[in-house]
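Student: I'd like a close look at one part of this model, followed outward strand by strand. Could you take me through it in one go?

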Amino acid sequence: MPMADFGISMDGRTPIADVPALARAAEEGGATTLWIACHLFLRDPVTTAALALGATQRIKVALMAMSPYSVHPVFIAMATASLAEMYPGRVILCLGAGAPADLKAAGIEAARPLVTISETVKICRSLFAGEMADFQGQVFKVAGRRLINGGSAVPIVVAASRPNMLKLAGRETDGVLISAATSPPFVQACIAQAASGAAGRPFRRLGIVYTRLGGTEKEGIDPVRRPIGFVLRGTHHAENIRLSGAQLDQAALGAAYAAENWSEVDRLVSDDVVRRHAACGTPAQVRARLEEYRAIGLDEVILGGMDDAPSIAAALAAARGVA
């Protein structure tokens, strides 16, 4: 199997002043794409993307995953097209419904996600192409206007973890993005669902893997315990946990995060849970674990969970077998 590309993800916790250095470390380490998360209450991904693009020369930057529940599809298209106008060929749009707990915290209801995401894909494609919008959907109605800076081909992918959304990604977009903290068996199942929707049409298979190097396995595991727990607390990750074979009380984990009871979070997210949902440890351990994800068929393995330039450089070196 050909070697997969490697990307780097940023989750919005990094101080904004550090973004240029992290982006340069990703580019210099050979990363194909910098995936910048859109999590409510964390740092704005569009501002972050602009800083990352301005600090680099070649690496692509993806807005991940912009939600039409928190930002209207027209504004999503405007922001993406503006970045692509300044940095042509280097911008990717990733759409997603958004994390249920974050939407709830902002008082946002996420009704009819399949229809909402599908309509957003269609609206953005039309606006990116420079067309006069004439869309009358069940959720959105956009007509009689065009983007002032349309006319560029911006790839669109969808972040998905459930069967129908995975099929939609394969059927209607350029690729599927599978969340961080997902186990290899779950990633494999997701790819199969997306492929069934694609019915033979080509699409990119992308997956985020929390990655951390250490002198020992424990030194690699400890820093990503809480980020992994943050993801796995979501009820939509129940199937991911089941397929991994890990033992994890999601209800207790959610309560521990809500109470900011970090000692309980650390107890619940055991070493075994981390091993099954990430690539952590010595360079050899990380490289072997990433190989498992690559062998599943990911076109790009996106390394996540790092918030400093040396960690990014070391992880990319390990992934490529030069550390």
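Student: How many of the six residues of strand β1 (residues 5-10) are buried?

Tutor: Keep in mind that this is a predicted model. Five of the six residues of β1 are buried, so the strand is largely enclosed by the rest of the structure.

Let's start with the partners of β1. With strand β11 (residues 300-304), β1 pairs in the parallel sense over four bridges. To find that pairing on your screen, look for Gly-7, whose bridge partner in β11 is Ile-302. β1 also pairs with β2, again in the parallel sense, over three bridges. Here Met-10 is the residue to pick, as it stands opposite Ile-36 in β2. To get from β1 to β2 the chain passes through helix α1 (residues 19-28), and this β-α-β crossover is right-handed.

Met-10 and Ile-36 turn up again in the lining of the largest cavity. Under the rule used, the model has one cavity of 30 Å³ or more. The space in the largest cavity comes to about 60 Å³. Besides Met-10 and Ile-36, its lining includes Gly-12, Arg-13, Thr-14 and Val-19, along with Ala-37, Arg-43, Pro-45 and Thr-48. Two elements, β2 (33-37) and α2 (45-54), give two or more residues each to that lining. Sorted by class, the lining has five nonpolar, three polar and two charged residues.

Now step across from β2 to β3. These strands pair in the parallel sense over five bridges, and Leu-34 stands opposite Val-61 in β3. The connection runs from β2 through α2 to β3, once more as a right-handed β-α-β crossover. As for β3 itself (residues 60-66), six of its seven residues are buried, so this strand too is largely enclosed by the rest of the structure.

On to strand β4 (residues 91-95), which pairs with β3 in the parallel sense over four bridges. Val-61 is a handy marker here too: its bridge partner in β4 is Val-91. Helix α3 (residues 73-86) sits between these strands in the chain, and β3, α3 and β4 make a right-handed β-α-β unit.

Val-91 takes us to an open feature, the second largest pocket, where it is one of the residues that lie nearest the centre. The others named there are Lys-60, Gly-89, Ile-92 and Pro-155, out of a lining of 20 residues. About 280 Å³ of space lies in this pocket. At least two lining residues come from each of β2, β4 and β9 (204-213). By class, the pocket lining divides into eleven nonpolar, four polar and five charged residues.

Before we stop, a few charged pairs elsewhere in the chain deserve a look. Side chains of opposite charge can pair when their charged atoms come close. The count of salt bridges by the rule used is 18. One of them joins the side chains of Arg-233 and Asp-102, at 4.0 Å from N to O. Arg-233 lies in the loop between α9 (225-232) and α10 (238-244), while Asp-102 belongs to helix α4 (residues 100-105), so the pair ties together parts that are 131 residues apart in sequence. Both Arg-233 and Asp-102 are buried.

Another salt bridge brings together Glu-172 and Lys-122, with an N to O distance of 3.4 Å. It links helix α6 (residues 163-172), which holds Glu-172, to helix α5 (residues 113-128), which holds Lys-122, and the two residues are 50 apart in the chain. Lys-122 is partly exposed, at a relative accessible area of 40%.

Helix α5 also supplies Arg-125, which forms a salt bridge with Asp-174; their closest N and O atoms are 3.3 Å apart. Asp-174 sits in the loop between α6 and β8 (175-178), 49 residues from Arg-125 in the chain. Arg-125 is partly exposed, with a relative accessible area of 30%, and Asp-174 is partly exposed as well, at 29%. Finally, there is a network to look up: Lys-218, Asp-222, Arg-225 and Asp-271 are joined by salt bridges that share partners.

Note on methods: Residues numbered from 1 in each chain as written. Predicted model: local features only at pLDDT ≥ 70, side-chain atom pairs only at ≥ 80, totals over all residues. Heavy atoms only, no water. 1 Å grid on protein atoms, 1.4 Å probe; cavity = no way out; pocket = protein on both sides within 12 Å on 5 of 7 lines; lining within 4 Å. Points joined across faces, edges and corners; volume = space filled by probe spheres on them. Nonpolar A, V, L, I, M, F, W, Y, C, P; charged D, E, K, R; others polar. Buried < 20%, exposed > 50% of the residue type's maximum accessible area, 1.4 Å probe, protein only. Pairing = 2+ DSSP bridges. Right-handed = clockwise from strand over helix to strand, strands pointing away.
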